[in-house]
Amino acid sequence: MKQQEIITVFTTIPEDVKKKHTVITTYPELDKFFEKGMYVENIVQSCLADGRCAITFVLRHYS
């Protein structure tokens, strides 16, 4: 059975990203999906003018 979850996280843009530095950020909101054996298939990021970003994760699980 193929299972899919779509999760959107709203966050601010880290200062290092604004300075064009590479940054790795973890999102605890996704932990419960990883614990179920899901993986991130796709990510879409949209940044707003006020410094916030909406990051949408498409997670999948094959069983």
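Before I turn to the residues themselves, let me fix one term: a residue is called buried when its relative accessible area is under 20%, exposed when that area is over 50%, and partly exposed in between. Please keep in mind throughout that what we are looking at is a predicted model.

With that term in hand, I will start with Phe34, which sits in helix 2, residues 31-35. Its relative accessible area is 40%, so Phe34 is partly exposed. Together with Val40 and Ile43, Phe34 makes a nonpolar surface patch of about 240 Å².

Let me move on to the charged side chains. How many salt bridges does a search of the whole structure find? The search gives two, and I will take them in turn.

One of them joins Glu41 to Arg60, with 2.8 Å between the closest N and O atoms. This pair links distant parts of the chain, since Glu41 belongs to strand 2, residues 39-47, while Arg60 belongs to strand 3, residues 52-62, and the two are 19 residues apart. As for their surroundings, Glu41 is partly exposed, because its relative accessibility is 39%, whereas Arg60, at a relative accessible area of 13%, is buried.

The other salt bridge is formed by Arg52 and Asp50, and here the closest N and O atoms are 3.0 Å apart. Arg52 has a relative accessible area of 39%, so it counts as partly exposed, while Asp50, at 52% relative accessibility, counts as exposed.

My last topic is empty space. In general terms, rolling a probe the size of a water molecule over the atoms shows where such space is left. In this model, the largest pocket holds about 300 Å³ of space. Which residues lie closest to the centre of that pocket? Of the 18 residues in its lining, they are Val23, Thr25, Tyr27, Gln45 and Ile55. If we ask where the lining comes from, strand 1 (2-12), helix 2, strand 2 and strand 3 each supply at least two of its residues. Sorted by class, the lining of the largest pocket consists of 12 nonpolar, five polar and one charged residues.

I would like to finish with Gln45, one of the residues just named as closest to the pocket centre. Gln45 is part of strand 2, and is it buried or exposed? With a relative accessibility of 51%, Gln45 counts as exposed, because the cut-off for that class is over 50%. Finally, Gln45 lies 12 residues from Phe57 in sequence, and their C-alpha atoms are 8.9 Å apart in space.

Definitions and conventions:
Residues are numbered from 1 along each chain as its sequence is written. This is a predicted model: local features need pLDDT of at least 70, side-chain atom pairs count only at pLDDT 80 or more; totals for chains, interfaces and linings use all residues. Side-chain values use heavy atoms; hydrogens and water are left out. Patches are made of residues with over 30% relative accessible area and no salt bridge: like charges are joined within 9 Å, nonpolar side chains (Val, Leu, Ile, Met, Phe, Trp, Tyr) within 5 Å. Accessible areas come from the Shrake-Rupley method with a 1.4 Å probe; for residues, only the protein chains shown count as cover. A salt bridge is a side-chain nitrogen of Lys or Arg within 4 Å of a carboxyl oxygen of Asp or Glu. Helices (H or I, at least four residues) and strands (E, at least two) are DSSP runs, numbered from the N terminus. Buried means under 20% relative accessible area, exposed over 50%, partly exposed in between (1.4 Å probe, protein chains only). On a 1 Å grid over the protein atoms alone, a cavity is a set of points where a 1.4 Å probe fits but cannot get out, and a pocket is an open set with protein on both sides within 12 Å along at least five of seven lines; lining residues have an atom within 4 Å of a point. Grid points are joined across faces, edges and corners, and a volume is the space filled by probe spheres set on the points. Ala, Val, Leu, Ile, Met, Phe, Trp, Tyr, Cys and Pro count as nonpolar, Asp, Glu, Lys and Arg as charged, and the others, Gly among them, as polar.
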